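Let's take a walk through this structure together, with the coordinates open in your viewer. We will begin at a cysteine and work our way outward from there.

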Amino acid sequence: MRLRIEGHTLPGRHCGPGPGFPGADGIEVAVQRKDRPAELLNPQPGDAPTATWTLPCTFTADGELLGPYVQNRLGGRFVYLSWTGRQPGEEAPRRFRRAKLMLADVPSEVLAEARRRGVLVARLALTDAKGNPVCGRVVPPEVEWTADEPSDA
């Protein structure tokens, strides 16, 4: 089983300042490994036309997704998309924002079809209404969940 995250409408490489935030440059987005906040899978530049990650998963006996990138905290299972960038006067990038793709919000019929076909797909815009990197809980309709076949690419 695979979970494929397909991001579009990325916010760019700069995030302007806001309340309590000085802004960031050189923005990238990646998937965070479970329980390892510094371990990010395949960082993509914030100005890429699209960003895609394919994650290995398995199912529990109860039909819930598990995997090296599936978090399990209060509130349910989810995948973190972590945004990194350099804040003014800093050389090294650091995480400044995260988005949670909530797996509990996958419709049961879509999850069953994905289990049968082999791939669960999450499609979402990676820019919020203010033009910044998307953050917080991402739930439908902001994310579209579908099932697909594995690709050979």
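C15 is buried, with a relative accessible area of 3%. Keep in mind as you look at this residue that the model is predicted. What about a bonding partner for C15? The nearest cysteine sulfur belongs to C135 and is 9.1 Å away, and C15 is in no disulfide. Looking back from the other end, the closest cysteine sulfur to that of C135 is in C15, and 9.1 Å is too far for a bond, because a disulfide needs the two sulfur atoms within 2.5 Å. The structure as a whole holds zero disulfides. The surroundings of C135 can be described too: its relative accessibility is 36%, so C135 counts as partly exposed, while C15 is buried.

From here, let's move to the interior. The largest nonpolar core has 38 residues, and I5, L81 and W145 are those with the most contacts inside it. Which elements build this core? At least two residues each come from β1 (2–8), β3, β5 (50–56), β9 (76–86), β10, α1, β11 and β13. Strand β3 gives the largest share, with four residues. W145 is a good place to centre your view. Setting aside residues up to four places away in sequence, W145 touches a list of residues that includes L3, L101, M102, L103, V110, L120 and P140. Also on that list are D105, V106 and P107.

One of the contacts of W145, V110, takes us to helix α1 (residues 108–117), where V110, L111 and A114 are buried. Why do these three belong on one side of α1? They cover an arc of only 100° around the axis, which puts them on the same side of the helix. The general geometry is familiar: an α-helix has 3.6 residues a turn, so residues three or four places apart point the same way. On the other side of α1, S108, E109 and R116 are exposed. The cover over the buried residues of α1 includes β6 (58–59), β7 (65–66), β11 (119–125) and β13 (143–148). Just after α1 you will find G118, with a positive phi of about 115°.

Now for the aromatic rings. How many aromatic pairs are there? The count comes to two. In one of them, the rings of F21 and F96 have centres 5.3 Å apart and planes at 25°, so the pair is stacked, given that stacking asks for planes under 30 degrees apart. This pair links distant parts of the chain: F21 is in the loop between β2 (14–15) and β3 (24–33), F96 is in strand β10 (residues 94–102), and their positions lie 75 residues apart in the count. Are these two rings buried or exposed? F21 counts as buried at 19% relative accessibility, and F96 counts as buried at 16%; the cut-off for buried is under 20%.

The other pair, F78 and Y80, is edge-to-face, with 4.8 Å from centre to centre and 75° between the planes. Both F78 and Y80 are buried. Y80 has a further partner, since the charged end of R98 sits over the ring of Y80, 3.7 Å from its centre. A similar arrangement involves R33, whose charged end sits over the ring of Y69 at 5.5 Å from the centre.

A few backbone details are worth a stop. The peptide bond from P140 to P141 is cis, with omega near 10°, and P141 lies in the loop between β12 (136–138) and β13. D35 has a positive phi of about 60° although it is not a glycine. D35 is found in the loop between β3 and β4 (36–45), and at 48% relative accessibility D35 counts as partly exposed. N42, in strand β4, also has a positive phi, near 45°. Its relative accessible area is 40%, and N42 is partly exposed.

Finish at A92, in the loop between β9 and β10. A92 touches G85 and R86, not counting residues up to four places away in sequence. How far is A92 from E113? The two are 21 residues apart in sequence and 43 Å apart in space, C-alpha to C-alpha.

Technical notes:
Residues numbered from 1 in each chain as written. Predicted model: local features only at pLDDT ≥ 70, side-chain atom pairs only at ≥ 80, totals over all residues. Heavy atoms only, no water. Phe/Tyr/Trp six-rings, centres within 6.5 Å; stacked < 30°, edge-to-face > 60°. Buried < 20%, exposed > 50% of the residue type's maximum accessible area, 1.4 Å probe, protein only. Lys NZ or Arg CZ within 6 Å of the ring centre and 35° of its normal. Arc of directions from axis to C-beta. Contact = heavy atoms within 4.5 Å. Core = buried A, V, L, I, M, F, W, Y, C linked by side-chain atoms within 4.5 Å.
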